[in-house]
Amino acid sequence: MWLDPISRKLLEGGPPAPVCLMYHSIPPTISRNEWEVPLRCFDQHLWLLKEFGWATRTISQIETVGSPKTAFITFDDGYQNNYAAFKSLLAHKFVATWFLVANAVGGTSDWEDNANYERQPMLSADQIKEMDRAGMEIGSHGLSHTRLAALAETNIQYELGESKAALETIVGHPINSFAYPFGTYNQTVRDIAATSGYAFACTTKSGFGVVDDDLLQIRRITVYPNDSLATFARKLVFGDNHASWYRTARYVLTQMSTRYKKTGAAKSPGL
């Protein structure tokens, strides 16, 4: 697949740190909203990662990763069409993490704030078991996909604890990762996640690494359906939701300026 020379050069250099990517629905053809990345585009993303020597890891492996050219591929909600993405990952020998809405397993996406989108079927318990046994990570996205920061503490505890228990019943082992629904959370939500037994939690804040050295505040880059392959490549390098050509030009000019200053300093005689 063709990639413009600038994006290719940036990707060959690699990012400063591993990056966590966020997907949602993976429809077989065209997308209907900003949260749907067609399977064809997803396959291109996997091709790009493989072509440029990237590895993938699950969220629970985040502390053991050494190479900056590592992608943590994550999926929120657990749409049934993610099963095809799972098969693509297997074909590339990649892994990913799925954050599932526990009450929606085997049902439809009927949660609050989803009224503007057509309801979609969700992954079944059998599919989840298969994915887990194939090396994919299963995490929680809450019991009902609600805005946790708006709830009373007892309700937050119920959402986090019961979703964890329900998913553990399906996969047969502990669940230790979580993604905040809608990306909304506060210190109370974060602390209840910790006391509920989660060691890792993903946000929707863009960038590399984590917020305040806290593994319960992992940053992620959103992948959109209108991202070109070049845009996706630059997102990997910049760790930013917006990897426009303007952002790229600023980056290149800054790098050139830094190198020029270093070269000039090296050539200048000492005082």
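Which residues are linked with Arg190 in a network of salt bridges? In this predicted model, the network is made up of Arg190, Asp191 and Asp214. Before a closer look at this trio, a few words on the chain as a whole may help.

The chain has 271 residues, and 49% of them count as buried. Its secondary structure consists of eight helices and 10 strands. Among contacts with a separation of 6 or more, 63% are made by residues 24 or more positions apart. Six salt bridges were counted in the model, and three of the pairings are described here, beginning with the network.

Arg190 has a partner right beside it in Asp191, and the closest N and O atoms of this salt bridge are 3.1 Å apart. Arg190 also meets Asp214 through a salt bridge, with 2.8 Å from N to O. Because Arg190 lies in helix H6 (residues 187-195) and Asp214 in strand S9, this second pair ties together parts that are 24 residues apart in sequence. The members of the network do not share one level of exposure: Arg190 counts as buried at 18% relative accessibility, since the cut-off for buried is under 20%. Asp214 is buried too, with a relative accessible area of 12%, whereas Asp191 is partly exposed at 32%.

Helix H6 itself deserves a closer look. Its buried residues are Val189, Arg190, Ile192 and Ala193. These four cover an arc of only 165 degrees around the axis, so they sit on the same side of H6. An α-helix has 3.6 residues a turn, and therefore residues three or four places apart point the same way. What lies over the buried residues of H6? The cover includes helix H5 (153-171) and S9. On the face of H6 turned away from its buried side, the exposed residues Gln187 and Thr195 are found.

Another salt bridge joins Asp76 and Arg220, whose closest N and O atoms are 2.8 Å apart. This pair links distant parts of the chain, with the two positions 144 residues apart: Asp76 belongs to strand S3 (residues 70-77), while Arg220 falls in the loop between strand S9 (214-218) and strand S10 (221-222). Both Asp76 and Arg220 are buried.

The model also encloses some empty space. Rolling a probe the size of a water molecule over the atoms shows where such space is left. One cavity of 30 Å³ or more is present, and about 30 Å³ of space lies in the largest cavity. Which residues line the largest cavity? The lining is formed by Asp77, Gly78, Leu100, Val101, Ala104, Val105, Met122, Leu123 and Ile128. By class, seven of the lining residues are nonpolar, one is polar and one is charged.

Val105, one of these lining residues, offers a useful point from which to explore the surroundings. Val105 is located in the loop between strand S4 (97-100) and helix H4 (125-133). With a relative accessible area of 23%, Val105 is partly exposed. Gly78, also among the lining residues, is 27 residues from Val105 in sequence, and their C-alpha atoms are 7.7 Å apart in space. Beyond its neighbours within four places in sequence, Val105 is in contact with Leu123, Ser124, Ala125, Ile128, Leu167 and Ile170. Two of these contacts, Leu123 and Ile128, are listed in the lining of the largest cavity as well.

Notes:
Residues numbered from 1 in each chain as written. Predicted model: local features only at pLDDT ≥ 70, side-chain atom pairs only at ≥ 80, totals over all residues. Heavy atoms only, no water. 1 Å grid on protein atoms, 1.4 Å probe; cavity = no way out; pocket = protein on both sides within 12 Å on 5 of 7 lines; lining within 4 Å. Points joined across faces, edges and corners; volume = space filled by probe spheres on them. Nonpolar A, V, L, I, M, F, W, Y, C, P; charged D, E, K, R; others polar. Salt bridge = Lys/Arg side-chain N within 4 Å of Asp/Glu carboxyl O. Buried < 20%, exposed > 50% of the residue type's maximum accessible area, 1.4 Å probe, protein only. Arc of directions from axis to C-beta. Contact = heavy atoms within 4.5 Å.
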